[in-house]
2 protein chains.
Amino acid sequence: MEQLLSNISTYYQISKAAEEKLVDALERKIIAKNELLLTEGQVCRHLYFLEKGALRGYYNVDGKEITHWFGFENDFVTSFFSFTTGKPSVENIQLLEGSILWCISKNKLTNLFNEYHEIERLVRIAYEKYYIRLEERFVNAHFKTAKELYENLVQETPHIIEKVSLGYIASYLGISQETLSRIRNQL
Amino acid sequence: MEQLLSNISTYYQISKAAEEKLVDALERKIIAKNELLLTEGQVCRHLYFLEKGALRGYYNVDGKEITHWFGFENDFVTSFFSFTTGKPSVENIQLLEGSILWCISKNKLTNLFNEYHEIERLVRIAYEKYYIRLEERFVNAHFKTAKELYENLVQETPHIIEKVSLGYIASYLGISQETLSRIRNQL
DNA sequence: CATTGTTTTTGACATTTGTCAAAAAGTGAA
DNA sequence: TTCACTTTTTGACAAATGTCAAAAACAATG
């Protein structure tokens with residue numbers, strides 16, 4: 001819990017009062033490896049904070065799983081599309097290892113927004129960070145070669161390489177597992 | 001102006017009072033074709049609303065221009081990274097045709113956030129829409145072939161094809177102009 | 001430590017897409 | 001209508017990456 005609070009304070013410092021209400025709304029969860037936090041077709045009604053562990057978001061296309069993001073320690077995690085629109089999710093979220101999460105329902109969060117302007121501000125600022133993160137990935141994928149993408153990953157987010165199997169990383173980068181294996185062996 | 005107000009009300013309905021303050025903070029601009037709204041290296045201190053016209057965001061890589069997004073009527077436009085972080089922009093924004101824009105400075109917007117919770121909420125909700133938009137593009141780019149990307153564009157955003165030259169569209173899709181030309185002629 | 005299942009690597013080959021250069025088509029201004 | 005300029009198309013070829021199948025390496029479990 002300390003960890004969560006200290007993390008959000010890097011986005012925006014909220015008051016003690018708001019913090020207490022936020023803490024009240026949070027629920028702790030421990031989930032085992034390979035469990036699904038969300039299955040496609042379900043509406044995602046929760047926002048999660050990953051205190052410890054790792055997970056991935058993936059969707060199924062033509063019988064293949066495409067992993068398009070990972071979550072690690074101190075990440076906020078949800079199926080963003082489903083959570084914000086209230087429509088069924090097209091993606092699945094699966095635990096890559098046993099993990100500790102904090103969880104808040106959309107209802108409770110909405111109430112907190114109404115009660116505390118500062119909590120909505122916190123989230124607005126968090127959105128900015130996550131938008132920039134996605135934009136960066138998008139721009140990279142736009143013009144970099146497979147090799148450059150992998151080198152970039154090694155540089156910028158080595159924890160991904162340490163924790164995640166090759167097949168998922170390849171999918172995340174948008175290349176085949178075989179190509180990634182070859183790239184790695186020629187570096 | 002009507003158009004802007006009616007557009008933001010599709011995100012979130014703000015009060016008359018907030019609306020008036022917002023209107024006061026806005027400035028109208030008319031900018032000619034090919035002009036740059038923002039040059040890389042500058043800090044982007046404004047958020048724009050495109051009432052009429054078209055523009056593109058692009059960056060330079062190895063002497064080549066990479067167009068990574070377009071703005072059209074009723075779009076909010078800025079260099080998101082630079083605007084939110086206050087750091088120099090890595091991208092340029094250029095008018096594709098003579099356009100009418102509304103413009104608000106980051107300072108004024110920040111003041112409006114402090115004064116009106118509802119304006120910050122409006123922006124929070126707008127962020128959600130724009131995040132989803134980016135995510136959709138990202139996911140498509142992730143596993144679709146060049147041909148599918150183009151077909152998708154024809155389906156989903158035909159206005160892009162009508163208004164924008166082939167070279168820019170190719171760059172936007174992340175493929176070469178020649179490949180796009182061939183795809184188009186074989187459909 | 002033997003067995004089973006999973007992940008990674010390798011090889012051969014096909015396919016997609018990119019690059020360079022030139023021709024063709026289209027556009028706008030004088 | 002012509003000229004200059006920009007955009008699009010075409011052809012020939014090269015490079016990057018994907019696919020399929022099998023072998024090898026690794027990991028987990030009884």
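What percentage of the 187 residues of chain A count as buried? Keep that in mind as you work through these exercises on a predicted model.

**Exercise 1. Describe the overall build of chain A.**

Solution.
- Step 1: Start with burial. In chain A, 30% of the 187 residues count as buried; the cut-off here is 20 or more other C-beta atoms within 10 Å of a residue's own.
- Step 2: List the secondary structure. Chain A contains 9 helices and 8 strands.
- Step 3: Judge the compactness. With a radius of gyration of 18 Å, close to the 16 Å from the globule rule for 187 residues, chain A is as compact as a globular protein of that length.
- Step 4: Add the dimensions. Along the principal axes, the C-alpha atoms of chain A fill a box of roughly 55 × 30 × 30 Å.
- Step 5: Look at the contacts along the sequence. Taking contacts in chain A between residues at least 6 apart, 72% join residues at least 24 apart.

**Exercise 2. Locate the nonpolar cores.**

Solution.
- Step 1: Find the largest nonpolar core. It has 28 residues, and Y48(B), L55(B), I169(B) and L173(B) have the most contacts inside it.
- Step 2: Ask which element gives the most to this core. That is helix 8 of chain B, with 5 residues.
- Step 3: Zoom in on L55(B). Beyond its neighbours within four places in sequence, L55(B) is in contact with several residues, among them L37(B), V77(B), I93(B) and L96(B).
- Step 4: Look for another core. A second, separate one has 27 residues, including L37(A), F80(A), L101(A) and A170(A).

**Exercise 3. Work out how chains A and B meet, and how the two copies are related.**

Solution.
- Step 1: Count the contact residues. Chain A gives 23 residues and chain B gives 23 residues.
- Step 2: Assign chain A's side to elements. Strand 5 (64-72), helix 3 (80-85) and helix 5 (117-143) of chain A each give two or more residues to the side that touches chain B. Helix 5 gives the most, with 16 residues.
- Step 3: Sort that side by class. Its residues divide into 13 nonpolar, 5 polar and 5 charged.
- Step 4: Superpose the copies. A rotation of 180° with 0.0 Å of shift along its axis places chain A on chain B, with an RMSD of 0.0 Å. The two copies are therefore related as by a two-fold rotation axis.
- Step 5: Find the residue by the axis. In chain A, the C-alpha of R124(A) is nearest, 2.6 Å from the axis.
- Step 6: Compare the surfaces. Both copies use the same one, as 100% of the contact residues of chain A recur in chain B.

**Exercise 4. Map the protein surface around each DNA strand.**

Solution.
- Step 1: Take DNA strand C. Of the 16 residues around it, L166(A), S181(A), T145(B), S176(B) and T179(B) come nearest.
- Step 2: Find the elements involved. Helix 8 (166-173) and helix 9 of chain A, with helix 6 (146-156) and helix 9 of chain B, each supply at least two residues. Helix 9 of chain A gives the most to this surface, with 6 residues.
- Step 3: Turn to DNA strand D. Here T145(A), S176(A), T179(A), L166(B) and S181(B) come nearest of the 16 residues around it.
- Step 4: Find the main contributor near DNA strand D. Helix 9 of chain B gives the largest share, 6 residues.
- Step 5: Sort by class. The surface near DNA strand C has 3 nonpolar, 8 polar and 5 charged residues, and the surface near DNA strand D also has 3 nonpolar, 8 polar and 5 charged.

Conventions:
Residues are numbered from 1 along each chain as its sequence is written. Chains are lettered from A and ligands numbered from 1 in the order in which they are written. This is a predicted model: local features need pLDDT of at least 70, side-chain atom pairs count only at pLDDT 80 or more; totals for chains, interfaces and linings use all residues. A residue is near a molecule or strand if its C-beta atom, placed from the backbone, lies within 6 Å of it. Helices (H or I, at least four residues) and strands (E, at least two) are DSSP runs, numbered from the N terminus. Ala, Val, Leu, Ile, Met, Phe, Trp, Tyr, Cys and Pro count as nonpolar, Asp, Glu, Lys and Arg as charged, and the others, Gly among them, as polar. Two residues are in contact if their C-beta atoms, placed from the backbone, lie within 7 Å. Copies are superposed by least squares on the C-alpha atoms of residues with pLDDT of at least 70 in both. A nonpolar core is a set of buried Ala, Val, Leu, Ile, Met, Phe, Trp, Tyr and Cys residues joined through C-beta atoms within 7 Å. A residue is buried if 20 or more other C-beta atoms lie within 10 Å of its own, exposed if 12 or fewer, and partly exposed in between; C-beta atoms are placed from the backbone. The radius of gyration is taken over C-alpha atoms; the globule rule is 2.2 Å times the number of residues to the power 0.38.
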